[in-house]
Amino acid sequence: MDPSILAGILAKPVIQGMFSLLKEQFNKDQAPKDIKVKVENHLTEIINWSENVQFFEMHKSKNTDDCTVKLQFGIPRKFRSSERKEIEEESDLLKMPGNILIIGDPGAGKTTTLKRISRHTLFSETELEKYHDYFPLLIKLRDINTSIYVEIAKTLGFVVREVRKKITGKTTLFIGEVEHFIGDEKLDVVIPKLLNKSHILLLVDGLDELPREHKGQFESDFTKLGNKLTTSKIILTCRSGGYSHYIDGFTVLEICPLEDFQINEIIQKWADEPEIFKSTLAKYPYSDLANRPLFLNQLIITFNYYGELPNQPSEVYERIINLMLIQWDLHRKVRRKSKYADFKPEKKIKFLSAFAYNLTYKIKSKTFTKKDLISTFQKIHNKFRLPPNEAELVAEEIESHTGIISKTTDHAYEFSHLSLQEFLCALYIVREPIGEMSSIYLKEYPPPVAIAIAISSSPEKMLSSLILRDENFSSISNESLKILLFRLLVEDPVFSVSTELGMAILKLFFLFSEDTELISVLEEYTKFDEVINSICTSINLFRVDMEKSNGVNYYIVRRCSFLTKLQVQTPEGGPVPRFLLERIMKISNSHLEEYLGDFFFVPN
């Protein structure tokens, strides 16, 4: 059925309720026909708005009923103990008494939830049968330029009269604030009556999208309005980071991260090849991003378009952080002003990378306390020209604007996803002088080092410097090195051929010849053309010692201790798997003797 015809049918009882309440207040400024048209038009807009969803980078919208899933809601993290986790279902939101504030991180599904709820109130098994007695009224706060009372009245087609308060002193007449009326009755008295009479479900999206200077007044207005509602209800949404003050009379619920069954349901609805997508995603460290609908959607869109996920996880980290800091708000036409001059998204990325670095290697945790926040902020605020005593306010702005940092309790914070914390930390490491602190980082927590190598402008130089030049490298445990090498394989760095890289890989073979697990990882590296060719360029620096060789390994020793050109010491030598040298011989082919010189012995 045409949405406008459907709206006319659904709006009829609501319009009758309004007319019965306000018939005495229709003066020459009020036009019942205009109210009827306005209500029907608004309902048509809600039907059309709620029918489809379209996320960032989607070229075509999808049907809300077919392509979205029921989310779950719980006590907000900042109010919840670790043991307590009461879950509310989407259907409970309409059944619960009183008004509700839904909070959630960017892309968690706040607006989609409002779309689903509005459709619950309008449709059930048959197109015209109402599932509940509520009539939805939608207010998008990012579009508002007046009070919530005036916005509701205008949305419903009522003419609002403005009157300036007159305050008389002993000798002077003062003009005070503006008061609003419908007919002869004050607006803040009429609107609650109107909502109750018509059983309005007031859906208000984006408390966090209001200008900071107006937010307090709106919160006060919602409290006053909510306390006067009896048969009507308000459902308000806000980013978790934008919710900082208790709104009296509202039950606060936070959207829970997606559970595995919800992730699977979304994949089944959205992915062209669901099973291949799931198995591919499981291979990558960014699989933790799938617990947020927007992030999962972005991964599926990429997979559907290219038929695969990016081989280099850093592409995904970069895309998600850019989405959170810039693109998501641009897509939704929301402009968020920073309290701090020149603290733009580009600078926030640098701030977050310094912040992640200090937490990862100084505090050594994904979760951090208020004390940790302040001490870390004190170390870095000068670099970003931020006030020294406003650590919590800066964290609050970053949480509200990006959702990358979240407040979990009154005294604790965390990064939303470990993979993003590791990437941001790597951004900081990669800007440091090569090798300066890498071995120390590697001993304490290897993943950011692996990412830093992968995203550096010269991965082969950063890796070889760590192995060949860092005097602390020998103190790194086998376990830390395994984590580094495994993660680096996953991060898929693009190496260039270099003699130093060849020497570095050979050194690892020398040092860890007894560790079968490490050797098997190194064998994976030799499958890269750039790595095997790098070994080819460095092998002529060694000769075979047949007395120390055996059926499994050739034992090679260096023929010169220091390369002046590279300013690096040649590794002393050690065992190298026979397959590796045999492969080098095959690659070198007839040029082998010329390439290796008299120092290399090749047995029959």
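A cavity is a set of grid points where a 1.4 Å probe fits but cannot get out, and its volume is the space filled by probe spheres set on those points. The exercises below apply this idea, and others, to a predicted model.

**Exercise 1. Describe the second largest cavity: what is its volume, which residues line it, and how do they divide by class?**

Step 1. Begin with the count, which comes to three cavities of 30 Å³ or more. The second largest cavity has a volume of about 40 Å³.

Step 2. List the lining, which consists of Phe351, Phe355, Leu373, Phe377, Ala391, Val394, Ala395, Ile398 and Ile405.

Step 3. Assign these residues to elements: helix H13 (345-363), helix H14 (370-380) and helix H15 (391-402) each supply at least two of them, and H15 gives the most, with four residues.

Step 4. Sort the lining by class, which yields nine nonpolar, no polar and no charged residues.

**Exercise 2. Describe the largest cavity in the same manner: which residues line it, and which elements give two or more of them?**

Step 1. The space in the largest cavity is about 40 Å³, and its lining is made up of Gln298, Leu299, Thr302, Val316, Arg319 and Ile320.

Step 2. The elements that give two or more residues to this lining are helix H11 (293-306) and H12.

Step 3. By class, the lining of the largest cavity holds three nonpolar residues, two polar ones and one charged one.

**Exercise 3. Decide whether Leu325 is buried or exposed, and find which residues it is in contact with beyond its neighbours within four places in sequence.**

Step 1. Locate the residue: Leu325 belongs to helix H12 (residues 313-331).

Step 2. Apply the cut-off, by which buried means under 20% relative accessible area. Because its relative accessibility is 9%, Leu325 counts as buried.

Step 3. Once the neighbours within four places in sequence are left aside, Leu325 is in contact with Pro345, Lys348, Ile349, Leu352, Thr402 and Ile404. As for Thr402, it is 77 residues away from Leu325 in sequence, while their C-alpha atoms are 5.3 Å apart in space.

**Exercise 4. Work out the order of the strands in the open sheet that contains E17, and say which strands form its edges.**

Step 1. Three strands make up this open sheet, in the order E16-E17-E20, with antiparallel pairing.

Step 2. Strand E16 (542-544) and strand E20 (573-577) are the edge strands, since each pairs on one side only. Neighbouring strands of the sheet are turned against each other by 35 degrees on average, direction ignored.

Step 3. Look at one pairing in detail: strand E17 (residues 553-558) is joined to E20 by five bridges, and Tyr554 stands opposite Val576 in E20.

Step 4. Add the helix that lies across E16, E17 and E20, which is helix H21 (residues 499-511), running at about 90 degrees to E20.

**Exercise 5. Compare His199 and Asp492: where does each lie, and how accessible is each one?**

Step 1. His199 has a positive phi of about 55 degrees although it is not a glycine, and Asp492 likewise has a positive phi of about 55 degrees without being a glycine.

Step 2. His199 lies in the loop between helix H7 (187-198) and strand E10 (200-205), whereas Asp492 is found in the loop between helix H20 (478-491) and H21.

Step 3. With a relative accessible area of 32%, His199 is partly exposed, and Asp492, at 21% relative accessibility, also counts as partly exposed.

Note on methods:
Residues are numbered from 1 along each chain as its sequence is written. This is a predicted model: local features need pLDDT of at least 70, side-chain atom pairs count only at pLDDT 80 or more; totals for chains, interfaces and linings use all residues. Side-chain values use heavy atoms; hydrogens and water are left out. Two strands pair if DSSP finds at least two bridges between them. Axes are lines fitted to C-alpha atoms, for helices over the stretch in contact, and angles run from 0 to 180 degrees between N-to-C directions. Contact means heavy atoms within 4.5 Å. Buried means under 20% relative accessible area, exposed over 50%, partly exposed in between (1.4 Å probe, protein chains only). On a 1 Å grid over the protein atoms alone, a cavity is a set of points where a 1.4 Å probe fits but cannot get out, and a pocket is an open set with protein on both sides within 12 Å along at least five of seven lines; lining residues have an atom within 4 Å of a point. Ala, Val, Leu, Ile, Met, Phe, Trp, Tyr, Cys and Pro count as nonpolar, Asp, Glu, Lys and Arg as charged, and the others, Gly among them, as polar.
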